[in-house]
Amino acid sequence: MKNFTIVAPHVDDDIYSCSSVLEHVSRSEDVFLRVLFLSHGHRQEGRRKAIDHIYENIFGIARSKYEIVDLGFFEDGMSSFSNLNHAVAKLDKYMESSTYIFTTGDSHHQDHIITSTLVNAALRFRRSLQGLKGVFQYEYMYNHDQVPSEMFLPLSTQGIQKKLESLKQLNTVDTILNEGSVNSLEYVKSMATINGLRCNYEFAESFKVMYLKSGREGVIL
């Protein structure tokens, strides 16, 4: 069994950036997915109510194949908390059985910066990386110019439609879309199209490789 972990500051980063991972999980028999959301606040609560429906009914992931953990280390938009060591230790506990970790990178958004810092700290102080085959930073609308495209995961035609439909669903509980901006469905599909052209697929998502275990097994999801 392979354990995939997505670490995200907000409920919607998983959809914006890791729909390819969700599609892969839905099609695989030997993968378990854990999603760690690090922030809390009224906006996150509204989105959180919709996410199980999205995973199960849009992406078709069986409830037995995933777990969502609301860590709530910091308030959405505030990025401040009192016990850094506790946060790092708790995050490491949830990541320790991971085969692959997908996390955010540094960007212009403070919540993403603190999430990246916490993940890096948790990985830095681990005694062993045994069992961990890869750590990848995902691209999202505000940092695509900062994340080198070192790995691509394909999205099928159905996958991109599921991604767009999921964002529409989230938009019904909290306004996350803004037409004519980087938060628009058009922009999201354009990014997936461009990434697809770069790796000879119709659609894809882009990642930076932070850690990759050497050997053939380390590059197979």
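## The cavity and its lining

Helix H6 is the top contributor to the lining of the largest cavity, giving 4 residues. H6 spans 185-199, and it shares the job with H1 and with strand S7 (203-212): each of these elements puts at least two residues into the lining. Keep in mind that this is a predicted model.

How many cavities of 30 Å³ or more does the structure hold? Just 1. As for space, the largest cavity has about 120 Å³ of it. Its lining is made up of 13 residues, and Tyr16, Glu139, Lys163, Val188 and Met191 sit closest to the centre. Sorted by class, the lining has 7 nonpolar residues, plus 3 polar and 3 charged ones.

## The nonpolar cores

Now for the packing. The largest nonpolar core counts 43 residues, and the ones with the most contacts inside it are Ile15, Val21, Leu33, Tyr55, Phe102 and Phe207. Helix H1, running over residues 13-27, gives this core its largest share, with 6 residues.

A second core lies apart from that one; it has 20 residues, including Leu38, Ile114, Leu118 and Leu123.

## A look at Val21

Val21 is one of the residues with the most contacts inside the largest core. So what does valine 21 touch, leaving aside neighbours within four places in sequence? Its contacts are Phe4, Ile6, Phe102, Leu153, Glu205 and Phe207. Among these partners, Phe102 and Phe207 also appear on the list of residues with the most contacts inside the largest core.

Conventions:
Residues are numbered from 1 along each chain as its sequence is written. This is a predicted model: local features need pLDDT of at least 70, side-chain atom pairs count only at pLDDT 80 or more; totals for chains, interfaces and linings use all residues. Side-chain values use heavy atoms; hydrogens and water are left out. A nonpolar core is a set of buried Ala, Val, Leu, Ile, Met, Phe, Trp, Tyr and Cys residues joined through side-chain atoms within 4.5 Å. Buried means under 20% relative accessible area, exposed over 50%, partly exposed in between (1.4 Å probe, protein chains only). Contact means heavy atoms within 4.5 Å. On a 1 Å grid over the protein atoms alone, a cavity is a set of points where a 1.4 Å probe fits but cannot get out, and a pocket is an open set with protein on both sides within 12 Å along at least five of seven lines; lining residues have an atom within 4 Å of a point. Grid points are joined across faces, edges and corners, and a volume is the space filled by probe spheres set on the points. Ala, Val, Leu, Ile, Met, Phe, Trp, Tyr, Cys and Pro count as nonpolar, Asp, Glu, Lys and Arg as charged, and the others, Gly among them, as polar.
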